[in-house]
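Visitor: I would like a close look at one part of this protein. Could you take me through a single strand and then show me what lies around it?

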Amino acid sequence: MKQRPPSLGLAMICNVASEDLEAALVSARPHFDQAVLVMTTRDEAQLTALRAICEKHKVEAHQLADLSILDEENALLHFGKARQESFDHLTTDWAMWLDADDTLEGGEHLRELAASCPPNVIGYWLPYFYTTDEYGNATTVHSRERFMRLSVGWQWRSRVHETA
């Protein structure tokens with residue numbers, strides 16, 4: 001009996017509608033069965049703009065449930081809680097998280113990566129190009145937990161520089 005292919009989910013958090021967010025979604029959305037964006041703002045104009053971008057790219061938009069983790073200027077005080085909320089909305093086998101200013105390269109390989117993954121592997125740490133020079137060459141690269149099997153029950157923690 002042939003197994004169904006693994007389902008893939010994209011989890012994002014964002015507080016400002018921007019060209020960066022559009023670029024992130026253009027690069028990533030085609031490779032995922034479900035995409036979720038948790039909107040980390042109280043600002044009605046930004047919520048409206050974020051919902052419009054989500055509708056355009058077929059992304060589920062959810063306003064942050066715990067507004068107490070936003071300060072009076074809408075700055076996010078606990079990235080781990082917001083990231084966890086984005087994962088909690090996913091119903092897929094696998095999840096990848098992206099920041100709103102990230103772009104995804106090689107997304108067409110994710111489904112095969114998940115399908116060929118041994119059962120004892122819980123996720124993949126992938127290179128994260130943190131900064132680049134004026135020519136686009138990576139100057140700071142570090143590995144992050146980016147593509148994760150959701151059945152493991154990952155829990156995001158830490159206010160800043162969140163980890164699972």
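Guide: Happy to; we can start with strand β4 and work outwards through its sheet, the helices and a few charged pairs.

Please keep in mind that this is a predicted model. Strand β4 covers residues 94-99, and six of its six residues are buried, so the strand is largely enclosed by the rest of the structure. Its side chains point two ways: Trp94, Met96 and Leu98 to one side, and Ala95, Trp97 and Asp99 to the other. Buried here stands for a relative accessible area under 20%, and the residues on both sides of β4 are buried, Asp99 among them.

Now look at the neighbours of β4. Strand β1, residues 8-14, runs parallel to β4 and is joined to it by six bridges. One residue pair to find on your screen is Gly9 with its bridge partner in β4, Ala95. Strand β6, residues 138-149, runs antiparallel to β4, with three bridges between the two. Ala95 serves as a handy landmark here too, since Met148 of β6 stands opposite this residue. As general background, strands of a sheet pair through backbone hydrogen bonds, either parallel or antiparallel.

Stepping back, β4 belongs to an open sheet of six strands with mixed pairing, in the order β3-β2-β1-β4-β6-β5. At the edges are β3 (60-63) and β5 (123-132), each pairing on one side only. Neighbouring strands in this sheet are turned against each other by 25° on average, ignoring direction. Edge strand β5 is joined to β6 by nine bridges, and the two run antiparallel. Within that pairing, Phe129 has Val141 of β6 as its bridge partner.

Two helices pack on this sheet. Helix α1, residues 19-28, touches β4 as well as β1 and β2 (34-39), and its direction makes about 175° with that of β1. Helix α2, residues 44-56, touches β1, β2 and β3, with its direction at about 175° to that of β2.

The charged pairs come next. In general, side chains of opposite charge can pair when their charged atoms come close. The structure holds six salt bridges. One of them joins Glu22 to Lys56, with the closest N and O atoms 3.3 Å apart. This pair links helix α1, where Glu22 lies, to helix α2, where Lys56 lies, across 34 residues of the chain. Lys56 counts as exposed because its relative accessibility is 57%.

Another salt bridge joins Arg111 and Asp33, whose closest N and O atoms are 3.0 Å apart. Arg111 is in helix α4 (residues 110-115) and Asp33 in the loop between α1 and β2, so this pair links parts of the chain 78 residues apart. Both partners count as partly exposed: Arg111 at 28% relative accessibility, and Asp33 at 43%.

Finally, return to β6, the antiparallel partner of β4. Arg144 has its place in this strand and forms a salt bridge with Glu145, the closest N and O atoms being 2.9 Å apart. Their side chains also make a polar contact at 2.9 Å. Arg144 is buried, because its relative accessible area is 14%, and Glu145 is buried as well, at 4%.

Note on methods. Residues numbered from 1 in each chain as written. Predicted model: local features only at pLDDT ≥ 70, side-chain atom pairs only at ≥ 80, totals over all residues. Heavy atoms only, no water. Buried < 20%, exposed > 50% of the residue type's maximum accessible area, 1.4 Å probe, protein only. Helix = DSSP H or I, 4+ residues; strand = E, 2+ residues; numbered from the N terminus. Pairing = 2+ DSSP bridges. Polar contact = N/O pair within 3.5 Å; in protein donor to acceptor, adjacent residues only side chain to side chain. Axes fitted to C-alpha atoms, helices over the stretch in contact; angles between N-to-C directions. Contact = heavy atoms within 4.5 Å. Salt bridge = Lys/Arg side-chain N within 4 Å of Asp/Glu carboxyl O.
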